[in-house]
Amino acid sequence: MIAAVLSGFGVALVAPWISRVGRNFAGWLLALLPLGLAIYFTTFISRVAHGERISAVYSWVPGLNANLSFALDGLSLLFALLITGIGALICIYAGGYLAGNKHLGRFYSFLLFFMASMLGVVLADNLLALFVFWELTSVSSFLLIGFTHERAASRAAARQALMITGSGGLALLVGMIMLGFVGGSFELSALPGKGDVIRASPLYGGILALMLLGAFTKSAQVPFHFWLPNAMEAPTPVSAFLHSATMVKAGVYLLARMSPILGGTEAWTVTVTTVGALTMLVGGLLALFQTDLKRLLAYSTVSALGTLMLLLGLGSEEGIKAMVVFLLAHALYKGALFMVAGAVDHETGTRNVNQLGGLWRAMPITAGIAVLACVSLASFGPVLSFIGKELLFEAVLHAEGPAVILVPAAVLAGALFVTVAAVVCIRAFFGPVHHTPRQPHEAPPSLWLGPAVLALLGGVLGMLPQLVQEALVAPVASAVLGRSTTVELALWHGVNPAFLMSLAAIGLGLGLFLVWDHIHSGWPWLRWALGRGPERWYVVLLHGVDMLALALTRRLQNGYLRRYLMVTLLTTVGLVGGTLFAQAGLPQTIPWLQVRFYEVLLAALMLAAAGAALRASGRLGTVASLGIVGYGVALFYVLYGAPDLAMTQILVETLTVLLFVLAFYHLPNMHRTSSRAVRLRDAVIALLVGGLMTLLVLAATATPPTSRLAPYFVEHSKPDAHGSNIVNVILVDFRGLDTMGEITVLAVAAIGVYALLRLRPKRDA
């Protein structure tokens with residue numbers, strides 16, 4: 001499994017070369033990798049269906065208990081099959097859709113990079129590894145959404161997606177760290193057994209909030225839903241892949257994985273169910289106001305993601321089974337519909353449904369695929385989504401508390417799916433013929449092969465649900481529920497309340513389709529309230545951050561070195577001094593040592609030199625005075641038996657004085673430009689910093705040293721390093737690399753000094 005995940009990153013590196021060599025067949029060649037991975041994961045279906053869990057562990061950072069561990073159970077297997085299977089079709093589709101694009105090789109590289117990252121997310125069995133792959137999906141999706149970087153809209157959409165999902169990722173990281181510490185392990189497989197401990201922890205509320213924030217931003221839940229339709233600026237292969245089974249479902253996957261660990265509480269149920277229901281309705285309602293095929297489908301994806309979250313929030317066995325079936329069905333028909341929309345755009349030059357019509361004559365194959373996929377979108381017919389929709393209705397009917405609200409909400413959401421399906425299918429393919437920018441004609445096989453496979457698969461699984469009920473659906477439901485369960489799927493259950501709800505959704509959806517033009521033009525306030533409102537908040541927040549950054553920059557980064565020093569020193573005094581007084585307090589006893597008269601004289605000389613530096617009228621006098629202070633420190637090192645430090649101090653001080661003299665010699669004399677108040681302020685800051693350092697030294701020396709390293713160095717210097725001078729042994733042997741780095745720095749500085757000495761300005765300069 002480790003090789004399966006890493007292979008995508010490896011092939012992504014050579015994808016541009018394969019694109020140049022393979023030319024028109026590059027997409028078919030690159031599709032062999034995800035196809036091979038799909039076949040590889042298919043071999044595990046039987047073992048996983050019988051309850052086996054396959055794992056692989058590579059010790060990554062043992063000291064932090066961080067392992068590159070992967071595990072395959074029902075949930076991860078379903079996502080792995082969708083990612084690789086649909087990924088193979090997308091590679092073929094991209095080769096036809098972007099044929100002739102000079103950056104096609106780069107696109108393949110980004111696409112495979114994203115696929116490998118998403119595989120890492122669903123297979124990772126370690127929280128830290130999961131987060132790494134989670135962020136890699138954000139980075140790779142940023143590259144894919146902004147692929148047409150020449151367009152400002154593409155760049156803005158890519159930045160927006162990265163900022164929203166990246167911000168949620170930061171919250172997720174904190175939540176994962178807290179979860180790992182509370183659960184006692186960062187291994188996902190070990191946490192379900194600690195579920196009771198985690199839910200009883202006082203940190204549970206914070207963990208839940210942070211994890212939900214990460215999932216909601218990734219899966220475009222209200223109020224973060226607006227980034228997903230804006231991401232339609234990406235090329236259609238990206239939209240089809242991201243929206244069918246990959247990035248936008250990562251949040252759904254995360255909460256499904258966390259359900260046995262964090263689920264079952266009132267906070268989980270109320271929050272996830274409420275946000276899911278709101279997203280389900282908001283996405284569906286906003287779809288009514290779209291005329292762009294991709295944005296129509298994007299908002300219906302938002303609604304579908306809300307439906308999945310709603311079912312996860314309910315947490316019942318019926319709800320989880322409905323979630324699994326609906327997730328699989330949605331991946332199949334939504335991937336097909338996005339590729340159909342791309343084929344229409346590719347062959348007609350437009351995606352606006354008001355400019356499309358009668359395409360079934362010019363594009364009969366694409367039209368047939370669209371009809372089958374739209375039947376699945378409407379969820380009424382011999383298709384897998386019909387089974388999922390009836391399971392959804394059964395789950396909300398049996399919800400104990402919120403059934404009164406959820407039942408009409410589910411029917412309305414189902415009706416909105418029907419309306420979207422009718423708009424896409426009827427208006428684009430069977431409506432009145434309109435003039436399009438390009439003369440429509442049938443798409444090449446690379447553009448209709450992928451959607452045909454997905455649409456047909458949705459129909460086959462609808463008529464033969466036994467193919468997946470025990471092989472895929474039951475293992476996934478068992479993994480989410482945290483216990484073994486069985487599933488029985490059937491296309492027809494007779495006339496029951498769920499079937500009547502389906503009929504009501506069909507009737508209401510067709511009615512909304514008949515008045516679609518009136519809704520689209522007559523209710524702009526609803527569109528603004530549901531769509532522009534949250535996006536406007538994002539713009540205002542982003543503008544506020546920019547203004548705050550500008551104000552801080554003007555105040556703190558104004559180009560004056562003294563201002564930088566003042567802020568740094570005052571911050572140090574405030575933080576370090578505050579911590580010293582709050583935790584340690586002032587030292588009660590001061591270990592006064594015997595002070596000799598020459599030490600007093602030396603200290604007095606250094607103080608006098610420092611005072612002379614303050615009052616000097618020229619730069620050279622200031623440099624000389626500071627040099628006396630430095631050499632005084634070197635003499636103190638000699639007095640206290642540290643000749644090595646004294647030699648280093650003398651060398652550094654000499655070098656510093658020489659550099660200052662060389663740099664300042666040709667500068668004009670100093671002039672006092674600051675006011676008395678400014679000088680008084682600087683004096684106060686200097687006294688505060690000096691007082692703080694004095695207190696730190698006194699506090700450090702008042703506590704007896706308890707170092708465990710000192711006895712170690714004393715014991716091992718002679719026998720191991722063959723040196724009696726312990727300081728030399730530490731510098732040369734125990735800290736040899738550090739010392740080598742310091743020598744390198746000194747050598748570079750010496751080269752700089754030599755260059756300055758050799759510098760001879762030209763006479764005519």
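Start by selecting Phe9: setting aside neighbours within four places in sequence, its contacts are Phe113, Ala116, Ser117, Phe133 and Leu136. The model on screen is a predicted one. Phe9 belongs to helix α1, which covers residues 2–22. Is Phe9 buried or exposed? With a relative accessibility of 19%, Phe9 counts as buried, because the cut-off for that class is under 20%. Now add Met232 to the selection and draw a C-alpha to C-alpha distance: Phe9 and Met232 are 223 residues apart along the chain, and the separation is 25 Å. Keep Met232 displayed for a later stop.

**The whole chain**

Zoom out. The chain holds 33 helices and two strands. Its C-alpha trace spans about 105 × 70 × 55 Å along the principal axes. There are 765 residues, of which 49% count as buried. Among contacts with a separation of 6 or more, 78% are between residues 24 or more positions apart.

**Ile145**

Select Ile145, in helix α7 (residues 127–145). Its relative accessible area is 0%, so Ile145 is buried. What surrounds Ile145 once neighbours within four places in sequence are left aside? The contacts are Ser154, Ala157, Ala158, Ala161, Ala231, Glu233, Ala234 and Leu242. For one of these, Ala158, check the C-alpha distance to Ile145: the value is 5.2 Å, with the two positions 13 residues apart along the chain.

**Lys294**

Next, select Lys294 in helix α15, residues 293–314. Lys294 is buried and has no salt bridge. Which side chain of opposite charge is nearest to Lys294? That is Asp345, at 6.6 Å. A salt bridge requires a nitrogen–oxygen distance within 4 Å, so the Lys294–Asp345 pair does not qualify.

Go back to Met232: the side chain of Lys294 reaches the backbone oxygen of Met232 at 3.1 Å. Show the other residues around Lys294 as sticks. Beyond neighbours within four places in sequence, Lys294 contacts Met232, Ala234, Pro235, Thr236, Ser239, Phe338, Ala341 and Arg351. Ala234 was also in the list for Ile145.

**Asp345 and its partners**

Stay with Asp345 and add Arg351. Their side chains form a salt bridge, with an N to O distance of 3.3 Å. Both Arg351 and Asp345 are buried. Add Asp292 as well: Asp292, Asp345 and Arg351 are joined in a network of salt bridges.

**Helices α12 and α16**

Thr236, Ser239 and Phe338, from the contact list of Lys294, lead to a helix pair. Select α12 (residues 236–244) and α16 (residues 317–348), whose axes are 8 Å apart and meet at an angle of about 170°. The two helices are therefore roughly antiparallel to each other. From α12 the contact uses Thr236, Ser239, Ala240, His243 and Ser244, and from α16 it uses His330, Ala331, Lys334, Gly335, Phe338, Met339 and Gly342.

**Helices α5 and α22**

For a second helix pair, select residues 74–97 and 466–481. These are helices α5 and α22, packed at an angle of about 130° with axes 7 Å apart. That angle makes α5 oblique to α22. On the α5 side the contact is made by Gly74, Leu75, Leu77, Leu78 and Leu81; on the α22 side by Leu472, Pro475, Val476, Ala479 and Val480.

**Two further salt bridges**

How many salt bridges does a search of the whole structure find? The search finds 14. One of them joins Arg257 to Asp73, with the closest N and O atoms 2.7 Å apart. Arg257 sits in helix α13 (residues 250–262) and Asp73 in the loop between β2 (66–72) and α5, so the pair ties together parts 184 residues apart in sequence. Arg257 counts as buried at 15% relative accessibility, and Asp73 counts as buried at 13%.

Finish with Asp738 and Arg735. Their side chains form a salt bridge with an N to O distance of 2.2 Å. Asp738, at 35% relative accessibility, counts as partly exposed. Arg735 also counts as partly exposed, at 37%.

How values were computed
Residues numbered from 1 in each chain as written. Predicted model: local features only at pLDDT ≥ 70, side-chain atom pairs only at ≥ 80, totals over all residues. Heavy atoms only, no water. Helix = DSSP H or I, 4+ residues; strand = E, 2+ residues; numbered from the N terminus. Buried < 20%, exposed > 50% of the residue type's maximum accessible area, 1.4 Å probe, protein only. Lys, Arg positive; Asp, Glu negative; His and termini not counted. Polar contact = N/O pair within 3.5 Å; in protein donor to acceptor, adjacent residues only side chain to side chain. Contact = heavy atoms within 4.5 Å. Axes fitted to C-alpha atoms, helices over the stretch in contact; angles between N-to-C directions. Parallel < 35°, antiparallel > 145°, perpendicular 65-115°, else oblique.
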